Amino acid sequence: TLLRCLVRLVEPSSGRVRLLGREMTALPPRALRQVRAEVGIVWQRHNLVPRLSALSNVIHGAQARMSGPRMWVQSLAPATVREEAMSCLDRVGLADRALARVDSLSGGQQQRVAIARMLMQRPAVILADEPDASLDPQTGEEVMSLLLNLVRQEGLSLLVISHRLEHALRYSDRILGLANGRIALDTATGRANPASLRQFFDQAEAA
């Protein structure tokens, strides 16, 4: 809900939303679309087109800044766009599966394609909604490490929603805890006390 409110896929019932220096709740439709184009989102579900290749799905990320049928499939895309999409796939370790249909890939590989598509968008900030939730533990660790490394290489801000305390401690610089719609916890990860955090999140989930 928080991530959806940030980009106004859900309209907040009260309060204000500021993102990338702009008052989101005051933006008209065209300006809102422009801001959304700068926000990369990695969802729990990969939201890929199963029958298309990994490369075509990554090219779809360019629709944030381009439009038209040439952005639908890799065979129609300009050479520069295909090259950029291949570079994004290479960064997530899937350049060798570029022409494979997405529905032939494993869950972890599909999430990597989704991350490559997000990189193709050239985002200014990244939101991730439990990006490891549908993956087995080992693959989840690999995806989280990949995402964090990419963000640090690009110097981007990443907001991750997670219900796994161990991931919050391992893959963050700052931990925020929500309770009753408000920030009830805000601490630097390096100063966090795991036992206190566990108690806080157990109480929040029980509520």
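How many disulfides does the count come to in this structure? With a disulfide taken as a pair of cysteine sulfur atoms within 2.5 Å, the count comes to 0. The structure is a predicted model, in which local features require pLDDT of at least 70 and side-chain atom pairs are counted only at pLDDT 80 or more, whereas totals for chains, interfaces and linings draw on all residues. Residues are numbered from 1 along each chain as its sequence is written, and side-chain values rest on heavy atoms, with hydrogens and water left out.

Two cysteines were examined for burial, where buried denotes under 20% relative accessible area, exposed over 50%, and partly exposed the range in between (1.4 Å probe, protein chains only). C5 counts as buried because its relative accessibility is 16%, and C88 likewise counts as buried because its relative accessibility is 6%.

The protein chain contains 8 helices and 7 strands, these being DSSP runs numbered from the N terminus (H or I over at least four residues for helices, E over at least two for strands). For its 207 residues, a compact globule would have a radius of gyration near 17 Å, and the 18 Å of the protein chain agrees with this; the radius is taken over C-alpha atoms, and the globule rule is 2.2 Å times the number of residues to the power 0.38. The C-alpha trace spans about 55 × 45 × 30 Å along its principal axes. Of the 207 residues, 42% count as buried, and among contacts (heavy atoms within 4.5 Å) with a separation of 6 or more, 61% come from residues 24 or more positions apart.

The accessible surface of the protein chain, computed by the Shrake-Rupley method with a 1.4 Å probe, comes to about 11,500 Å², and carbon and sulfur atoms contribute 48% of this area. The chain carries 26 positive and 20 negative side chains, the centres of the two sets lying 8 Å apart; Lys and Arg count as positive and Asp and Glu as negative, without His and the chain ends, and each charge is placed at NZ of Lys, CZ of Arg, CG of Asp or CD of Glu.

Backbone geometry was considered next. Most residues other than glycine have a negative phi. R122, however, has a positive phi near 55° and lies in the loop between α5 (107–120) and β4 (125–129), where R122 is exposed because its relative accessible area is 52%. E130, also not a glycine, has a positive phi of about 45° and is found in the loop between β4 and α6 (137–154); with 17% relative accessibility, E130 counts as buried.
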